[in-house]
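Colleague: Please take one part of this model and look at it closely. I would like to start with a charged pair and then see what surrounds it.

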Amino acid sequence: MANKLLVAPAPHVQTAQSTAKIMRDVVIALMPALVVSTVVFGWDVLRVVALSVASCVVFEYLIQKFLFRGPLTISNWSAVVTGVLLAFNLPASIPWWIVVIGAFVAIAVAKMTFGGLGKNPFNPALVGRVFLLIAYPAQMTSFPQPAGAVADDFSGATPLAAVKNGAAADVLGTQELLLGNMPGSLGEVAALALLAGFVYLLWRRVITWHIPVTVLVTMAFFAFVVALARGESGAALWQFPLFHVLAGGAMLGAIFMATDYSTSPMTVRGGVIFAVGIGLITMLIRLWGAYPEGMSFAILIMNSCVPLINKYVKPKRFGVK
């Protein structure tokens, strides 16, 4: 009788989920925000997104084909996700050559240098975005005025920049923050559309709620304490936290970037620690830093802490009570 005991390396539990399916779900979840952004800013949105995605895919293909000389992985949609997320961090008026440079940094430097998907310690799209922000600050902070925007209040500045320069947090109503009728990057102008994507990812079990909710709750609590310390009362006391949760890249970063499998902790407890750090650093930069937005920097800083978090926050060993 043949021995039917097979010894094989992990994983031993198989599922129907795959990298390609997960990445396609992320792209689908980003579609509502893409539609709203296109309505707000026009066809330039599709130009930026298409160029960013095409550049990321081409750069990954060329590197794998001529440098790694290994199996091609562009069919797993990870380069597409990076391209869309990079585009969502750019203004609609950005020159085409800056988009290409950002895609090169995201793929060639932040992803493929470390060996490709699953081995990169930092979120590639955010590395590309931060590089462009430092290298081309004028182009990265010049935002087109959307149709119907409150031009007298913002004059091309994002809501966060306006508040940073002394405007009240309620200068823009909650409806505008939810629907996206304001200047900003492609992915930070439609909080309601991003929330729809969040619900879809939860339904598809691509992500869990722990990191996004913890990031946003931490930001809201921090803003509430600051508003309380400033002597705010009444409506202003809750408008300040609500503004910081809905404005800028808070939703995009918390839902789609902080939850990246490769650059976030392995455990739920570790994820909560990771998310609290992102929320705190974001608010510290927003309120007292040089930039009006701090989500990108906060996620990258906490990405660097993930190995340490994974080392000290581990799941229980199998069989241990």
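Modeller: Start with R204. R204 counts as partly exposed, because its relative accessibility is 35%. Keep in mind that this is a predicted model. Which residue does the side chain of R204 meet in a salt bridge? The partner is D25, and the N to O distance is 3.0 Å. D25 lies in helix α1, while R204 sits in the loop between α10 (191-203) and α11 (210-229), so the bridge ties together parts that are 179 residues apart in sequence. Now look at the other end. D25 has a relative accessibility of 4%, so D25 counts as buried. The cut-off explains the two labels: buried means under 20%, and partly exposed runs from there up to 50%. One end of the pair is therefore buried, and the other is partly exposed.

Why can such a pair form at all? Side chains of opposite charge can pair when their charged atoms come close.

The count of salt bridges in the model comes to four. Two others make useful comparisons.

Take R47 and D44. Their closest N and O atoms are 3.5 Å apart, and they form a salt bridge. This pair stays inside one element: both residues lie in helix α2 (residues 44-68). They are three residues apart, about one turn of the helix. Are they buried or partly exposed? R47 is partly exposed because its relative accessibility is 31%. D44 is partly exposed too, with a value of 36%.

Next, E293 and R286. Their side chains meet in a salt bridge, at 3.0 Å from N to O. Here the exposure labels change. E293 has 10% relative accessibility, so E293 counts as buried. R286 comes to 3%, so R286 is buried as well.

Stay with helix α2 for a moment, since S52 also has its place there. How much of S52 is accessible? The relative accessible area is 0%, so S52 is buried. Set aside the neighbours within four places in sequence. S52 then touches G83, L86, A87, V99 and A103. C56 also has 0% relative accessibility, so C56 is buried. C305 comes to 26%, which means C305 is partly exposed. How many disulfides does the structure hold? There are zero.

Now go back to α1, the helix that carries D25. α1 (19-41) also helps to line the largest pocket, supplying at least two residues. The pocket holds about 460 Å³ of space. It is lined by 25 residues, and those closest to its centre are M23, L117, D260, Y261 and S262. Other helices that each supply at least two lining residues are α3 (78-88), α5 (124-135) and α13 (250-257). What kinds of residue make up this lining? There are 14 nonpolar, nine polar and two charged ones.

S262 deserves its own look. Its place is in the loop between α13 and α14 (268-288). S262 is partly exposed, because its relative accessible area is 24%. Which residues does S262 contact, leaving aside its neighbours within four places in sequence? They are L117, G118 and N120. L117 is also among the residues closest to the pocket centre. A C-alpha distance tells a related story. S262 and K119 are 143 residues apart along the chain, yet their C-alpha atoms are separated by 6.7 Å.

α13 matters for a second space. A search of the whole structure finds one cavity of 30 Å³ or more. Its volume is about 80 Å³. Of its 13 lining residues, N89, E188, G249, L252 and S296 lie nearest the centre. The elements that give two or more residues to this lining are α5, α13 and α15 (295-312). α13 gives the most, with three residues. By class, the cavity lining has five nonpolar, five polar and three charged residues.

Last, step back to the whole protein. It has 15 helices and zero strands. Of its 321 residues, 50% are buried, and D25 is one of the buried ones. Now take the contacts with a separation of 6 or more. Residues 24 or more positions apart account for 74% of them. The bridge where we began, D25 to R204, ties together parts that are 179 residues apart in sequence.

Terms used:
Residues are numbered from 1 along each chain as its sequence is written. This is a predicted model: local features need pLDDT of at least 70, side-chain atom pairs count only at pLDDT 80 or more; totals for chains, interfaces and linings use all residues. Side-chain values use heavy atoms; hydrogens and water are left out. On a 1 Å grid over the protein atoms alone, a cavity is a set of points where a 1.4 Å probe fits but cannot get out, and a pocket is an open set with protein on both sides within 12 Å along at least five of seven lines; lining residues have an atom within 4 Å of a point. Grid points are joined across faces, edges and corners, and a volume is the space filled by probe spheres set on the points. Helices (H or I, at least four residues) and strands (E, at least two) are DSSP runs, numbered from the N terminus. Ala, Val, Leu, Ile, Met, Phe, Trp, Tyr, Cys and Pro count as nonpolar, Asp, Glu, Lys and Arg as charged, and the others, Gly among them, as polar. Buried means under 20% relative accessible area, exposed over 50%, partly exposed in between (1.4 Å probe, protein chains only). A disulfide is a pair of cysteine sulfur atoms within 2.5 Å. Contact means heavy atoms within 4.5 Å.
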